[in-house]
Amino acid sequence: MKQTVLVSGGAGYIGSHTTVELIEAGFNVVVIDNLSNSEASALDGVRQITGKDFPFEVVDCCDKAALEEVFKKYEFDSVIHFAAFKAVGESVAEPLKYYGNNLNSFCNIIELMNKYGRHNVLFSSSATVYGEPEELPVTEQSMRQPATSPYGNTKQMCEDILRDCVKAYNKDGNGLKGIALRYFNPIGAHPSALIGELPRGVPNNLVPFITQTAAGVRECLSVFGDDYDTPDGSCQRDYIDVVDLAKAHVVAIKRLVDGKNKANYEIFNIGTGRAVSVLELVNAFEKVNNLKLNYKIAPRRAGDVTAIWADPTQANNELGWKAERTVEETLASAWAWEKHVRGIE
Ligand code: UFG
């Protein structure tokens with residue numbers, strides 16, 4: 001029998017790519033999204049890529065009554081919870097918006113999973129939980145550092161909520177099981193260029209800013225700092241292709257469904273294990289897409305860590321998952337998507 005997965009936040013950037021990979025791996029999906037930071041048209045892209053239709057409901061996970069209707073209406077065994085606010089700067093300005101939304105929505109999901117006997121949950125965590133790491137690359141055993149933003153704090157708190165709930169609600173081995181995937185820096189788009197990242201307003205993240213600059217929507221990219229203690233002075237990150245990241249969700253859900261998990265709560269780093277600097281990424285983007293990018297060196301951005309990249313060994317060995325696309329392929333896909341969005345030939 002086909003397994004069914006509820007995907008919350010399925011119209012968003014990572015949610016839409018994961019929905020494609022779930023369908024292509026043979027899962028049924030039910031998508032919910034409140035469309036607060038996404039467009040329903042992303043799901044048309046998913047339908048076009050997969051050739052499959054699936055149920056979609058506009059539901060806010062903070063609305064427990066509406067969420068409960070979804071649990072009553074559909075027979076799913078697993079939940080992938082993407083639905084959350086994700087802008088670091090906004091979370092500093094409006095902390096209650098982040099605590100209220102990101103914590104309540106996850107608590108509602110878990111409460112209803114218990115009530116309706118749905119046992120497998122994946123949580124979208126982030127490398128942000130490591131803060132400024134003491135050792136590189138970071139492993140899942142590396143210490144979490146105090147969060148530097150309310151956004152980061154919600155990621156840490158949701159991990160802890162999951163850990164505690166699994167302990168409390170799975171005493172006989174037949175209850176709640178969860179995996180937190182700690183994403184490094186997701187970038188790129190589906191190779192079809194039918195879905196991708198759709199930031200509203202001025203992008204905060206590097207790659208959407210690069211592609212919008214190349215498209216002429218932004219005048220000039222600011223490289224935030226060239227005086228860090230790194231080989232070229234700019235910050236280093238682990239840029240993970242969004243399709244590779246989406247595939248990690250499929251294998252993680254299968255692990256739970258098949259009962260292959262080694263503990264009822266597990267954590268995996270989802271990254272490439274490669275450190276790439278901002279300037280390296282800009283150069284690679286120019287080279288692979290054969291264009292010149294207008295950029296300048298600007299002061300450091302407050303709150304940025306100098307360098308972070310993953311040790312993905314645990315995901316490689318336990319999930320049998322490995323990042324496959326090269327950074328060049330990913331940057332080409334990001335540009336193809338931006339051109340699609342802007343109608344550029
Ligand atoms: N950067 C620039 N110019 C820009 C935008 C970014 O130089 O216009 C640089 C940043 O300074 C940083 C790198 O590009 O060195 C990556 O920045 P992003 O904003 O793309 O990503 P971050 O590493 O800051 O963000 C990631 C995740 C967030 C998470 C955050 C926590 O994408 O979800 O880490 O630090 F919250």
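The expected span of a helix is 1.5 Å times one less than its number of residues. Keep that rule in mind as you open this predicted model, since the tour starts with a helix to try it on.

**Stop 1: helix α9**

Select residues 278–289, the 12 residues of α9. At 1.5 Å a residue this helix should span 16 Å, and its end C-alpha atoms lie 17 Å apart, so the expectation and the model agree.

Now show the side chains. Which residues of α9 are buried? They are Val278, Leu279, Leu281, Val282, Ala284, Phe285, Glu286 and Asn289. As you turn the helix, remember that an α-helix has 3.6 residues a turn, so residues three or four places apart point the same way.

Next, bring up the surroundings. The buried residues of α9 pack against two helices, α7 (206–214) and α11 (327–342), and against the strands β8 (221–224), β10 (239–241), β12 (276–277) and β13 (295–298). Before you leave, step just past the end of α9 to Asn290, where phi is positive, at about 55 degrees.

**Stop 2: α7 against α9**

Keep α9 on screen and add α7. Their axes come within 11 Å and cross at roughly 40 degrees. Angles under 35 degrees would count as roughly parallel, so α7 and α9 are instead oblique to each other. The crossing is right-handed.

To see the contact, select Leu206, Val207, Ile210, Thr211 and Ala214 on the α7 side, then Val278, Leu281, Val282 and Phe285 on the α9 side. By class, this contact has 8 nonpolar residues, 1 polar and no charged.

**Stop 3: α1 and α2**

Move to α1 (residues 13–24) and α2 (residues 41–50), whose axes come within 10 Å and cross at roughly 25 degrees. The two helices are therefore roughly parallel to each other, and α1 passes α2 in a right-handed crossing.

Which residues make the contact? From α1, pick Ser16, Thr19, Val20, Ile23 and Glu24; from α2, pick Ala42, Val46, Ile49 and Thr50. Coloured by class, they come out as 5 nonpolar, 3 polar and 1 charged.

**Stop 4: Ala315**

Finish in helix α10 (residues 313–319), centring the view on Ala315. Is Ala315 buried or exposed? Its relative accessibility is 0%, so Ala315 counts as buried.

Leaving aside residues up to four places away in sequence, Ala315 touches Phe268, Asn269, Ile270, Gly320 and Trp321. Try a distance label from Ala315 to Asn269: they are 46 residues apart in sequence, yet 6.6 Å apart in space, C-alpha to C-alpha.

Conventions: Residues are numbered from 1 along each chain as its sequence is written. This is a predicted model: local features need pLDDT of at least 70, side-chain atom pairs count only at pLDDT 80 or more; totals for chains, interfaces and linings use all residues. Side-chain values use heavy atoms; hydrogens and water are left out. Helices (H or I, at least four residues) and strands (E, at least two) are DSSP runs, numbered from the N terminus. Buried means under 20% relative accessible area, exposed over 50%, partly exposed in between (1.4 Å probe, protein chains only). Contact means heavy atoms within 4.5 Å. Axes are lines fitted to C-alpha atoms, for helices over the stretch in contact, and angles run from 0 to 180 degrees between N-to-C directions. Angles under 35 degrees count as roughly parallel, over 145 as roughly antiparallel, 65 to 115 as roughly perpendicular and the rest as oblique. A crossing is left-handed if the near helix is turned anticlockwise from the far one by less than a right angle, and right-handed if clockwise. Ala, Val, Leu, Ile, Met, Phe, Trp, Tyr, Cys and Pro count as nonpolar, Asp, Glu, Lys and Arg as charged, and the others, Gly among them, as polar.
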